[in-house]
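Visitor: I am new here. Could you walk me through how some of the helices fit together?
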Amino acid sequence: MDPLVLVPGLLCTEALYTPQIAALAADGISVAVADHRSDDTVAAIATRLLAEAPARFALAGLSMGGYVAMEVMRRAPERVSRLMLLDTTARADLPEQTENRRRQISLAEAGKFDQVAPALYPLFVHENRLEDAALRNIVLQMAEATGAQAFIRQQQAILARPDSRPDLPSFSCPTTVVVGAGDRLTPPDRAREMNELIPGARLETVVGAGHLPTLEAPDAVTKLMRDWLAP
């Protein structure tokens, strides 16, 4: 079975995938987590990923990680044996999204980075998890581990990303698109759009999850990954 490369989302670390890494490692699958914090363009992140990844690998990315995964598919599709896009979109930002990102960058530059993750948390999770202290703690810890400067680089990369919709019909490896039913940042209609554009793609909706289903519904996502990775 090919090794797996995981790409986290904005403000997220490898902790985003802790439940899946543990389960898949127990299955004997080699799992690596890409560095999406050191570069300020999606192209540079993808270049670093390809330089560090095995010759051929399965690739999964959530949110920003999906943007990186789509860039990898543009650059080296022959190296990706299968693709999973979780809670992401192929579209570029709308003007109001761009404005929000620039506002968050300004907060981080002004020494107010500690305000960013608490403000984003309600958008990251299903409405039923707003008072989940343990989940909130994980999200805030990931943000703290990311830090202000890496967050700024990530937002700059996201702001400059291309519209990937024209590229999706060329994706030929087995692809699964996953979305939390309650995702408010990249809602299910964005997942359906990608699924319709990628030949033979499979769409999976995770009930009871928002933008971070790997943490909100870990067992469900682990099962989806196992099915996706099965020979």
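Guide: Gladly! One definition to begin with: axes are lines fitted to C-alpha atoms, and angles between them run from 0 to 180 degrees between N-to-C directions. Keep in mind that this is a predicted model.

Visitor: What makes α5 oblique to α6?
Guide: The two helices pack at an angle of about 130 degrees, with their axes 10 Å apart. Roughly perpendicular ends at 115 degrees and roughly antiparallel begins over 145, so α5 counts as oblique to α6. Their crossing is right-handed.

Visitor: Which residues make that contact?
Guide: From α5 come Ala117, Pro118, Tyr121 and Phe124, and from α6 come Leu135, Arg136, Val139, Leu140 and Ala143. Eight of these count as nonpolar, none as polar and one as charged.

Visitor: Why is α4 called roughly antiparallel to α7?
Guide: α4 and α7 pack at about 160 degrees, with axes 10 Å apart. Angles over 145 count as roughly antiparallel, and therefore α4 earns that description against α7. The crossing here is left-handed. Among the residues in contact are Arg101 and Ile105 of α4, along with Phe151 and Gln155 of α7. By type, the contact has seven nonpolar, four polar and three charged residues.

Visitor: How do you know that the span of α7 agrees with what is expected?
Guide: Helix α7 has twelve residues, 148–159, and at 1.5 Å a residue these should span 16 Å. The end C-alpha atoms are 16 Å apart, so the two values agree.

Visitor: What covers the buried residues of α7?
Guide: The cover includes α2, α3, α4, α5 and α6. Among the buried residues of α7 are Ala150, Phe151, Ile152 and Ile158.

How values were computed:
Residues are numbered from 1 along each chain as its sequence is written. This is a predicted model: local features need pLDDT of at least 70, side-chain atom pairs count only at pLDDT 80 or more; totals for chains, interfaces and linings use all residues. Side-chain values use heavy atoms; hydrogens and water are left out. Helices (H or I, at least four residues) and strands (E, at least two) are DSSP runs, numbered from the N terminus. The expected span of a helix is 1.5 Å times one less than its number of residues. Buried means under 20% relative accessible area, exposed over 50%, partly exposed in between (1.4 Å probe, protein chains only). Contact means heavy atoms within 4.5 Å. Angles under 35 degrees count as roughly parallel, over 145 as roughly antiparallel, 65 to 115 as roughly perpendicular and the rest as oblique. A crossing is left-handed if the near helix is turned anticlockwise from the far one by less than a right angle, and right-handed if clockwise. Ala, Val, Leu, Ile, Met, Phe, Trp, Tyr, Cys and Pro count as nonpolar, Asp, Glu, Lys and Arg as charged, and the others, Gly among them, as polar.
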